[in-house]
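Let's take a walk through one protein model, a few residues at a time. Have the picture open and follow along.

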Amino acid sequence: MPKYKFATLCLFALSLVTISAQKVADVIRPGEVWLDNRGTPIQAHGGGILYLHHTYYWVGEDRTQTNDPDKRYVGCYSSTDLVHWTFLKQLAFTDPEHIGPHWILERPKVFYNTPTKKFVLYIHLDGPGINNTDPNATGYKLARVGVYTSDHIDGPYTYIHSFRPLDQESRDIGQFIDDDGAAYLIFESRPTKGFFIAQLSEDYLTVAKQTTFIPARLEGGAVVHYKGLYYVIGSHLSGWAPNPNVFATSPTLSGPWTEMQDIAPPETNTYGSQSSFLLKVSGSKGTTLIYMGDEWKPKELWDSRYLWMPLDIGVGTLKLPAPAPWTLSTKSGVATVLSATVPSP
Ligand code: GAL
């Protein structure tokens, strides 16, 4: 074969490899290990996304196996395309209320308060109880939220206080920012057999008022507003084990809410995941609503995985499709689900 033909052929093959490598790298793969820019698995479990100045910030529980067992950790990452994540900081927290060795920090969520220019971090703060002196005591008896502030998304964060929102026991928390910028805390409250959505105060440091109470025993609560309807999702109370997550809709955030319906075939237990957050990505060509769920591995929490999928939403219907690799353009707002056989990088 003439040399030039061989060279052209090589160039062609190289460009094919480059294109497919590019595509392979740009794919979100539910349930697979998701690496950050350092090549380290992302630690942002039970997390949420804050969108600010054209950047997405992903904040969640950092369960790295080698973490100091006396501290609790929050992982903080940034991205512009929601696929490639830059590690910003591993935030370390000490027990803020002298709860004891088994204190719990879960489901961190960061809000940005424009008037005070502060990042406000809410956590589910829990443990066996503040007056419990038994060092071996475990449990979720405290049922409070903890609040921290910082001048920067990635800290350092200053502890402000802890409280029970609306004087109710509060375990799993979720966050919602409405299109008008109003900020809400979603929290599960076992004794009331339901969960609340409550508007934050002007400075976001506390909860100002109840917006709605949904009489459904659900946790992992998340809300999104789309085409005139509010969609709320949540999981049943089965600890780390997945269950059939459900949704309801309402024309206003204060209700009335429809009956709960499954988001996926119930026998799949939400494809092995638990709801954490709903993310709306609007672009030049459309809007994608992303389900962010956790595939917990209770014995190896550090290896828990993420199930992110674009939701199928109609008017008042919501369906989590079977997990498959997918791509997203944050510019156009369009998601494309690929065939399940796209090779891994
Ligand atoms: C789940 C909850 C998690 C964690 C776990 C502990 O139901 O969503 O955040 O608290 O229980 O068992």
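## Starting point: Arg107

The side chains of Arg107 and Gln274 are joined by a polar contact of 3.0 Å. A polar contact here is a pair of N or O atoms within 3.5 Å; within protein, one must be able to donate a hydrogen and the other to accept it, and residues adjacent in sequence count only if both atoms are side-chain atoms. The Arg107 side chain also reaches the backbone oxygen of Ser275, at 3.4 Å.

Before going on, a word about what you're looking at. This is a predicted model, where local features need pLDDT of at least 70 and side-chain atom pairs count only at pLDDT 80 or more, while totals for chains, interfaces and linings use all residues. Residues are numbered from 1 along each chain as its sequence is written, and side-chain values use heavy atoms, with hydrogens and water left out.

Is Arg107 buried or exposed? Arg107 is buried, at a relative accessible area of 2% (buried means under 20%, exposed over 50%, partly exposed in between, with a 1.4 Å probe and protein chains only). Not counting neighbours within four places in sequence, Arg107 has contacts (heavy atoms within 4.5 Å) that include Glu61, Tyr122, Asp172 and Trp296.

## The strand it sits in

Arg107 belongs to strand β5. Strands are DSSP runs (E, at least two residues), numbered from the N terminus. In β5, residues 104-113, 10 of the 10 residues are buried, so the strand is largely enclosed by the rest of the structure.

β5 pairs with strand β6 (residues 118-126) in the antiparallel sense, over 8 bridges; two strands count as paired if DSSP finds at least two bridges between them. The two strands make a hairpin with 4 residues between them, and Lys117 in the turn has a positive phi of about 55°. Asn113 stands opposite Lys118 in β6.

## Around the ligand

Which residues surround the ligand? They are Glu106, Arg107, Tyr140, Asp172, Glu219, Gly239, Trp240 and Gln274, each with a heavy atom within 4 Å of the ligand. This shell divides into 2 nonpolar, 2 polar and 4 charged residues.

Look at the ligand's oxygen atoms next. An N or O atom in the Glu106 side chain is 2.6 Å from one ligand oxygen. A polar side-chain atom of Gln274 lies 2.9 Å from an oxygen of the ligand, and for Tyr140 the corresponding distance is 3.3 Å. Taken alone, the ligand exposes 310 Å², and the protein buries 88% of that (areas come from the Shrake-Rupley method with a 1.4 Å probe).

## Asp172, a loop neighbour

Asp172 is found in the loop between β8 (158-163) and β9 (173-177). With a relative accessible area of 8%, Asp172 is buried. A polar atom of the Asp172 side chain lies 3.1 Å from the backbone nitrogen of Gly220. Leaving out residues up to four places away in sequence, Asp172 touches Arg107, His124, Glu219 and Gln274, among others.

## One more stop: Thr212

Thr212 lies in strand β12 (residues 207-214) and counts as buried, at 5% relative accessibility. The side chains of Thr212 and Trp257 share a polar contact of 3.3 Å. A polar atom of the Thr212 side chain also lies 3.5 Å from the backbone oxygen of Ser254.

How far apart in space are Thr212 and Pro256? They are 8.9 Å apart, C-alpha to C-alpha, with their positions 44 residues apart in sequence counted as the separation.

Technical notes: Ala, Val, Leu, Ile, Met, Phe, Trp, Tyr, Cys and Pro count as nonpolar, Asp, Glu, Lys and Arg as charged, and the others, Gly among them, as polar.
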